[in-house]
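Here is a small set of exercises to try with the model open beside you. Work through each task first, then compare your steps with the solution.

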Amino acid sequence: MKLGIVSDIHANPGALRRAFDLMGDVDRWICLGDCINQFRFSNEVVRELRDRDVCTIWGNHEEVFFSAQGMRARAEDWIEPELLIWLSRQQKRRELQLEGKRVLLVHSTPWESGGAYILPSSSEFKRFGEVAADIVMYGHIHCPVATRVAGTLVINPGSTGEGRPTSQGFISSCAVLDLESEAVEHFDFIAD
């Protein structure tokens, strides 16, 4: 089974479509949050996720949008109500059983971190190995990761819609995980 993984789309439908093209034929799609950009909803992005039956979780941008602070943004008349409802029903984290493996989907960290940005160089990163899961997927840091921590495979696809700065410009990314071999392939691209 192959999983196509995106995160941090930040309301960029062109980047999401490019990521789907790059990842090719996969068995299941996963989005690790921040498909919208705080107070900026995207009918195109949410429709694409819904129509492709992407297993989607909330990130910090969805949390703000669906909080009391986002009331005015949610009331915009151009937002398609059924898409708003679909996104509102997604969870903050998910635990999946796929091919006998426990897969945990989170946006920032598996533990309460207040939305901390935990890079592999962080002393907190080792805590990913304390989680009762075979594979942990997370977003938030806009940086691709594929490494093992105490036997747990930790994957971050990077940001699909809001690229990280490099000497070649802003690079977006996504990833494909082969569940059988646990091989991870990242795809870098320049988003529109």
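A note before we start: this is a predicted model.

**Exercise 1. A partly exposed glutamate and its partner**

Task: Decide whether glutamate 124 is buried, exposed or partly exposed, and find its salt-bridge partner.

Solution:
- Step 1. The relative accessible area of glutamate 124 is 32%, so this residue is partly exposed.
- Step 2. The partner is arginine 127, and the closest N and O atoms of the pair are 3.2 Å apart.
- Step 3. Arginine 127 has a relative accessible area of 28% and is partly exposed.

**Exercise 2. More charged pairs**

Task: How many salt bridges does the count come to? Look at some of them.

Solution:
- Step 1. The count comes to eight salt bridges. Keep the idea behind it in mind: side chains of opposite charge can pair when their charged atoms come close.
- Step 2. Take aspartate 51 and arginine 50, whose side chains meet in a salt bridge at 3.0 Å, N to O. Aspartate 51 counts as exposed because its relative accessibility is 53%, and exposed means over 50%. Arginine 50, at 28%, counts as partly exposed.
- Step 3. Now take aspartate 134 and arginine 102, which meet in a salt bridge at 3.4 Å, N to O. Aspartate 134 lies in the loop between strand E5 (101–105) and strand E6 (135–137), while arginine 102 is in strand E5, so this pair ties together parts that are 32 residues apart in sequence.
- Step 4. Check their accessibility: aspartate 134 is partly exposed at 25%, and arginine 102 is partly exposed at 36%.
- Step 5. Finally, find the network of salt bridges that links Lys101, Arg148 and Glu182.

**Exercise 3. The buried side of a helix**

Task: Which residues of helix H5 are buried, and what do they pack against?

Solution:
- Step 1. Helix H5 covers residues 81–88, and Leu83, Leu84, Trp86 and Leu87 are buried in it.
- Step 2. Look down the axis of H5: the buried residues fall within an arc of 160°, so they line one face of the helix.
- Step 3. The buried residues of H5 pack against helix H2 (43–51), strand E3 (55–56), helix H3 (60–65) and helix H4 (71–74).
- Step 4. Move on to the loop between H5 and strand E4 (94–98), where you will find arginine 89. Arginine 89 counts as exposed, because its relative accessibility is 65%.

**Exercise 4. The same reasoning for H2**

Task: Which residues of H2 are buried, and what covers them?

Solution:
- Step 1. The buried residues in H2 are Asn43, Val45, Val46 and Leu49.
- Step 2. These residues cover an arc of only 170° around the axis, which puts them on the same side of H2.
- Step 3. Their cover includes helix H1 (13–23), strand E2 (28–31), E3 and H5.
- Step 4. After H2 comes aspartate 53, with a positive phi near 55°.

**Exercise 5. The largest pocket**

Task: What is the volume of the largest pocket, and which residues are closest to its centre?

Solution:
- Step 1. The volume of the largest pocket is about 350 Å³.
- Step 2. This pocket is lined by 17 residues, and those closest to the centre are Glu63, Ser108, Thr109, Trp111 and Glu112.
- Step 3. Sort the lining by class: there are four nonpolar, nine polar and four charged residues.

Technical notes
Residues are numbered from 1 along each chain as its sequence is written. This is a predicted model: local features need pLDDT of at least 70, side-chain atom pairs count only at pLDDT 80 or more; totals for chains, interfaces and linings use all residues. Side-chain values use heavy atoms; hydrogens and water are left out. On a 1 Å grid over the protein atoms alone, a cavity is a set of points where a 1.4 Å probe fits but cannot get out, and a pocket is an open set with protein on both sides within 12 Å along at least five of seven lines; lining residues have an atom within 4 Å of a point. Grid points are joined across faces, edges and corners, and a volume is the space filled by probe spheres set on the points. Ala, Val, Leu, Ile, Met, Phe, Trp, Tyr, Cys and Pro count as nonpolar, Asp, Glu, Lys and Arg as charged, and the others, Gly among them, as polar. Buried means under 20% relative accessible area, exposed over 50%, partly exposed in between (1.4 Å probe, protein chains only). Helices (H or I, at least four residues) and strands (E, at least two) are DSSP runs, numbered from the N terminus. The arc is that of the directions from the helix axis to the C-beta atoms. Contact means heavy atoms within 4.5 Å. A salt bridge is a side-chain nitrogen of Lys or Arg within 4 Å of a carboxyl oxygen of Asp or Glu.
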